[in-house]
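Hi,

Here is the structure I promised to pass on. Have a look at it first, and then read on for what turned up.

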Amino acid sequence: MGAVGTAALQDWISRFSDAIAEKREWLTELDSAIGDADHGANMARGMGAVVEKLGTGAPANIDDLLKTVGMTLVSSVGGASGPLYGTFFLRMGMSAGAVTSLDGSALGAALRAGLDGIVARGKPEAGDKTMFDAMSPAVDAFDAALAAESSVADAARAASDAAAAGRDATLPLVARKGRASYLGERSAGHLDPGAASTAILFETLADTIASAS
(Lines give C-alpha, C1' and ligand atoms only; values in the text may rest on other atoms or scores of the structure.)
Protein backbone atom coordinates (compact mmCIF):
# COMPACT_ATOMS: atom_id res chain seq x y z
CA MET A 1 0.00 0.00 0.00
CA GLY A 2 1.70 3.15 -1.18
CA ALA A 3 -0.84 5.64 0.12
CA VAL A 4 -3.48 5.88 2.82
CA GLY A 5 -6.81 7.31 1.70
CA THR A 6 -9.66 9.02 3.50
CA ALA A 7 -11.64 5.77 3.73
CA ALA A 8 -8.70 3.96 5.34
CA LEU A 9 -8.27 6.72 7.89
CA GLN A 10 -11.96 6.59 8.73
CA ASP A 11 -11.57 2.83 9.16
CA TRP A 12 -8.68 3.56 11.54
CA ILE A 13 -10.89 5.85 13.61
CA SER A 14 -13.61 3.19 13.72
CA ARG A 15 -11.16 0.48 14.75
CA PHE A 16 -9.68 2.73 17.43
CA SER A 17 -13.15 3.42 18.79
CA ASP A 18 -13.98 -0.29 18.88
CA ALA A 19 -10.69 -1.14 20.59
CA ILE A 20 -11.16 1.60 23.19
CA ALA A 21 -14.66 0.31 23.93
CA GLU A 22 -13.28 -3.21 24.29
CA LYS A 23 -10.45 -2.06 26.59
CA ARG A 24 -12.55 0.49 28.47
CA GLU A 25 -12.52 -1.32 31.81
CA TRP A 26 -8.79 -2.05 31.58
CA LEU A 27 -8.00 1.61 30.87
CA THR A 28 -10.21 2.65 33.78
CA GLU A 29 -8.46 0.14 36.02
CA LEU A 30 -5.09 1.61 35.07
CA ASP A 31 -6.38 5.11 35.73
CA SER A 32 -7.93 4.15 39.05
CA ALA A 33 -4.46 3.31 40.34
CA ILE A 34 -2.84 6.66 39.55
CA GLY A 35 -5.51 9.03 38.25
CA ASP A 36 -9.22 9.84 38.32
CA ALA A 37 -10.43 6.39 37.20
CA ASP A 38 -12.15 7.91 34.17
CA HIS A 39 -9.75 7.51 31.23
CA GLY A 40 -11.53 4.47 29.81
CA ALA A 41 -14.98 5.99 30.20
CA ASN A 42 -13.91 9.36 28.81
CA MET A 43 -12.16 7.90 25.78
CA ALA A 44 -15.01 5.50 25.05
CA ARG A 45 -17.54 8.32 25.24
CA GLY A 46 -15.42 10.57 23.05
CA MET A 47 -14.71 8.00 20.37
CA GLY A 48 -18.35 6.94 20.40
CA ALA A 49 -19.28 10.56 19.71
CA VAL A 50 -16.73 10.67 16.89
CA VAL A 51 -18.13 7.57 15.19
CA GLU A 52 -21.67 8.90 15.57
CA LYS A 53 -20.64 12.23 14.04
CA LEU A 54 -18.89 10.57 11.10
CA GLY A 55 -21.88 8.30 10.63
CA THR A 56 -23.96 11.30 9.60
CA GLY A 57 -21.62 11.90 6.66
CA ALA A 58 -17.85 11.54 6.60
CA PRO A 59 -15.85 14.35 4.96
CA ALA A 60 -14.20 13.54 1.64
CA ASN A 61 -10.91 15.26 2.43
CA ILE A 62 -8.46 14.06 5.03
CA ASP A 63 -8.04 17.43 6.71
CA ASP A 64 -11.80 17.77 7.25
CA LEU A 65 -12.02 14.18 8.51
CA LEU A 66 -9.26 14.55 11.07
CA LYS A 67 -10.38 18.02 12.15
CA THR A 68 -13.89 16.65 12.73
CA VAL A 69 -12.40 13.91 14.89
CA GLY A 70 -10.30 16.42 16.81
CA MET A 71 -13.08 18.91 17.44
CA THR A 72 -15.48 16.19 18.55
CA LEU A 73 -12.96 14.85 21.05
CA VAL A 74 -12.25 18.31 22.45
CA SER A 75 -15.96 18.93 22.97
CA SER A 76 -16.93 15.52 24.34
CA VAL A 77 -14.03 14.16 26.41
CA GLY A 78 -13.36 15.40 29.92
CA GLY A 79 -10.03 15.76 31.69
CA ALA A 80 -6.75 16.06 29.83
CA SER A 81 -7.52 13.35 27.28
CA GLY A 82 -9.94 15.39 25.18
CA PRO A 83 -7.69 18.39 24.58
CA LEU A 84 -4.62 16.21 24.02
CA TYR A 85 -6.14 13.68 21.63
CA GLY A 86 -8.19 16.44 20.04
CA THR A 87 -5.05 18.48 19.42
CA PHE A 88 -3.32 15.42 17.98
CA PHE A 89 -6.00 14.89 15.33
CA LEU A 90 -6.45 18.60 14.63
CA ARG A 91 -2.74 19.04 13.97
CA MET A 92 -2.70 15.88 11.84
CA GLY A 93 -5.48 17.37 9.72
CA MET A 94 -3.72 20.70 9.36
CA SER A 95 -0.58 18.92 8.20
CA ALA A 96 -2.43 16.66 5.77
CA GLY A 97 -4.32 19.41 3.97
CA ALA A 98 -7.26 19.14 1.57
CA VAL A 99 -6.22 15.83 0.01
CA THR A 100 -7.81 12.39 -0.31
CA SER A 101 -4.68 10.29 0.25
CA LEU A 102 -1.34 10.45 2.05
CA ASP A 103 1.85 8.73 1.01
CA GLY A 104 4.23 7.46 3.67
CA SER A 105 6.12 10.70 4.11
CA ALA A 106 2.92 12.77 4.29
CA LEU A 107 1.42 10.40 6.85
CA GLY A 108 4.65 10.56 8.85
CA ALA A 109 4.57 14.35 8.72
CA ALA A 110 0.96 14.35 9.91
CA LEU A 111 1.77 12.04 12.82
CA ARG A 112 4.76 14.23 13.71
CA ALA A 113 2.54 17.32 13.61
CA GLY A 114 0.09 15.61 15.95
CA LEU A 115 2.88 14.76 18.37
CA ASP A 116 4.19 18.33 18.20
CA GLY A 117 0.70 19.58 19.04
CA ILE A 118 0.63 17.45 22.17
CA VAL A 119 4.06 18.75 23.16
CA ALA A 120 2.93 22.35 22.62
CA ARG A 121 -0.20 21.83 24.74
CA GLY A 122 1.06 19.63 27.56
CA LYS A 123 4.84 20.25 27.57
CA PRO A 124 5.62 16.56 28.23
CA GLU A 125 9.11 15.13 28.19
CA ALA A 126 10.39 11.58 27.92
CA GLY A 127 10.10 9.80 31.25
CA ASP A 128 7.26 11.94 32.59
CA LYS A 129 4.96 8.86 32.53
CA THR A 130 2.46 10.23 30.00
CA MET A 131 1.14 9.38 26.55
CA PHE A 132 4.26 11.05 25.16
CA ASP A 133 6.31 8.06 26.33
CA ALA A 134 4.41 5.87 23.87
CA MET A 135 3.72 8.39 21.10
CA SER A 136 7.18 9.88 20.65
CA PRO A 137 8.92 6.50 20.11
CA ALA A 138 6.11 5.47 17.77
CA VAL A 139 6.47 8.51 15.52
CA ASP A 140 10.26 8.17 15.57
CA ALA A 141 9.97 4.49 14.62
CA PHE A 142 7.61 5.30 11.75
CA ASP A 143 10.06 7.86 10.36
CA ALA A 144 13.05 5.56 10.82
CA ALA A 145 11.32 2.71 9.01
CA LEU A 146 10.43 4.92 6.07
CA ALA A 147 14.00 6.22 5.95
CA ALA A 148 15.13 2.59 5.70
CA GLU A 149 12.78 2.23 2.70
CA SER A 150 10.22 0.08 4.49
CA SER A 151 6.65 0.03 3.23
CA VAL A 152 4.01 2.19 4.88
CA ALA A 153 2.50 -0.96 6.39
CA ASP A 154 5.83 -2.03 7.86
CA ALA A 155 6.47 1.49 9.14
CA ALA A 156 3.08 1.52 10.85
CA ARG A 157 3.81 -1.85 12.44
CA ALA A 158 7.18 -0.57 13.67
CA ALA A 159 5.38 2.42 15.17
CA SER A 160 2.88 0.13 16.87
CA ASP A 161 5.66 -2.01 18.36
CA ALA A 162 7.47 1.09 19.59
CA ALA A 163 4.30 2.49 21.16
CA ALA A 164 3.73 -0.80 23.01
CA ALA A 165 7.31 -0.79 24.26
CA GLY A 166 6.93 2.83 25.34
CA ARG A 167 3.73 1.97 27.19
CA ASP A 168 5.44 -0.88 29.02
CA ALA A 169 8.39 1.34 29.88
CA THR A 170 6.09 3.61 31.91
CA LEU A 171 5.57 0.83 34.47
CA PRO A 172 8.55 1.66 36.74
CA LEU A 173 8.46 5.42 36.18
CA VAL A 174 7.54 7.97 38.83
CA ALA A 175 5.02 10.36 37.29
CA ARG A 176 6.09 13.96 36.79
CA LYS A 177 2.94 15.25 35.09
CA GLY A 178 -0.78 15.25 35.78
CA ARG A 179 -2.72 13.85 38.68
CA ALA A 180 -0.44 10.82 38.91
CA SER A 181 2.43 13.12 39.89
CA TYR A 182 0.62 13.84 43.18
CA LEU A 183 1.31 10.25 44.22
CA GLY A 184 5.07 10.63 43.98
CA GLU A 185 6.86 7.30 44.39
CA ARG A 186 3.53 5.48 44.70
CA SER A 187 2.92 6.10 40.98
CA ALA A 188 5.72 3.65 40.16
CA GLY A 189 4.64 0.10 39.35
CA HIS A 190 1.63 1.13 37.27
CA LEU A 191 1.24 1.57 33.52
CA ASP A 192 0.26 5.05 32.40
CA PRO A 193 -3.30 4.93 31.01
CA GLY A 194 -2.59 7.60 28.39
CA ALA A 195 0.38 5.62 27.11
CA ALA A 196 -1.85 2.53 27.06
CA SER A 197 -4.51 4.20 24.90
CA THR A 198 -1.79 5.63 22.66
CA ALA A 199 -0.47 2.13 22.06
CA ILE A 200 -4.00 1.13 21.02
CA LEU A 201 -4.07 4.12 18.63
CA PHE A 202 -0.95 2.93 16.80
CA GLU A 203 -1.88 -0.74 16.93
CA THR A 204 -5.17 -0.01 15.18
CA LEU A 205 -3.39 2.19 12.63
CA ALA A 206 -1.02 -0.67 11.79
CA ASP A 207 -3.93 -3.14 11.57
CA THR A 208 -5.88 -0.81 9.30
CA ILE A 209 -3.01 -0.28 6.86
CA ALA A 210 -2.17 -3.97 6.86
CA SER A 211 -5.74 -4.93 6.02
CA ALA A 212 -5.87 -2.38 3.20
CA SER A 213 -2.55 -3.45 1.68
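Let's start with serine 197, which touches Phe16, Ile20, Leu27, His39 and Tyr85 once residues up to four places away in sequence are set aside. Serine 197 sits in helix H9, and with 0% relative accessibility it counts as buried. Before going further: this is a predicted model, so please read everything below in that light.

**Aromatic pairs**

Two of the residues around serine 197, Phe16 and Tyr85, are worth a look in their own right. The model has three aromatic pairs. In one of them, the rings of phenylalanine 16 and tyrosine 85 have centres 6.1 Å apart and planes at 40°, so this pair is tilted. The two rings come from distant parts of the chain: phenylalanine 16 belongs to helix H1 (residues 6-22) and tyrosine 85 to helix H5 (residues 81-96), 69 residues apart. Is phenylalanine 16 buried or exposed? Phenylalanine 16 is at 1% relative accessibility, so it counts as buried. Tyrosine 85, also at 1%, counts as buried as well.

Then there is the pair formed by phenylalanine 88 and phenylalanine 89. Their ring centres lie 5.2 Å apart and the planes make an angle of 80°, so the pair is edge-to-face. Phenylalanine 88 has a relative accessible area of 0% and is buried; phenylalanine 89, at 0% too, counts as buried. If you colour the aromatics, add Trp12 to the selection: Trp12, Phe88 and Phe89 form one aromatic cluster.

**The nonpolar core**

Phe89 comes up again here. The largest nonpolar core has 57 residues, and which of them touch the most other members? That would be Phe89 and Phe202. As for the helices, H9 contributes the largest share of this core, with nine residues.

Phe202 has quite a list of partners. Leaving out neighbours within four places in sequence, phenylalanine 202 is in contact with Leu111, Met135, Ala138, Val139, Ala156, Ala159, Ser160 and Ala163.

**Salt bridges**

Now for the charged side chains. The count comes to five salt bridges, and I'll go through some of them.

Arginine 112 is a good place to begin. Its side chain meets that of aspartate 140 in a salt bridge, at 2.9 Å from N to O. Aspartate 140 lies in helix H7 (residues 132-147) and arginine 112 in helix H6 (residues 104-122), so this pair ties together parts that are 28 residues apart in sequence. The side chain of arginine 112 also forms a salt bridge with that of aspartate 143, at 2.7 Å from N to O. Aspartate 143 is in helix H7 and arginine 112 in helix H6, so here the parts tied together are 31 residues apart in sequence.

How do these three residues stand with respect to the surface? Aspartate 140 counts as partly exposed, at 38% relative accessibility. Arginine 112 is partly exposed at 27%, and aspartate 143, at 27%, counts as partly exposed too.

There is another bridge to look at, between the side chains of arginine 157 and aspartate 207, at 2.9 Å from N to O. This pair links distant parts of the chain, with arginine 157 in helix H8 (residues 152-169) and aspartate 207 in helix H9 (residues 193-212), 50 residues apart. Arginine 157 has a relative accessible area of 30% and is partly exposed. Aspartate 207 counts as partly exposed at 28% relative accessibility.

Back to arginine 112 for a moment: through salt bridges that share partners, Arg112, Asp140 and Asp143 are joined into one network.

**Asparagine 42**

One last stop, at asparagine 42 in helix H3 (residues 39-55). Asparagine 42 counts as buried, with 7% relative accessibility. Which residues is asparagine 42 in contact with, leaving aside its neighbours within four places in sequence? They are Val77, Gly78 and Gly79. For a sense of scale, the C-alpha atoms of asparagine 42 and alanine 109 are 28 Å apart in space, while the two residues are 67 apart in sequence.

If you only have a few minutes, I'd look at the serine 197 contacts with Phe16 and Tyr85, and then at the network of Arg112, Asp140 and Asp143.

Cheers

Definitions and conventions:
Residues are numbered from 1 along each chain as its sequence is written. This is a predicted model: local features need pLDDT of at least 70, side-chain atom pairs count only at pLDDT 80 or more; totals for chains, interfaces and linings use all residues. Side-chain values use heavy atoms; hydrogens and water are left out. A salt bridge is a side-chain nitrogen of Lys or Arg within 4 Å of a carboxyl oxygen of Asp or Glu. Helices (H or I, at least four residues) and strands (E, at least two) are DSSP runs, numbered from the N terminus. Buried means under 20% relative accessible area, exposed over 50%, partly exposed in between (1.4 Å probe, protein chains only). Rings of Phe, Tyr and Trp (its six-membered ring) pair if their centres lie within 6.5 Å; planes under 30 degrees apart count as stacked, over 60 as edge-to-face and the rest as tilted. Contact means heavy atoms within 4.5 Å. A nonpolar core is a set of buried Ala, Val, Leu, Ile, Met, Phe, Trp, Tyr and Cys residues joined through side-chain atoms within 4.5 Å.
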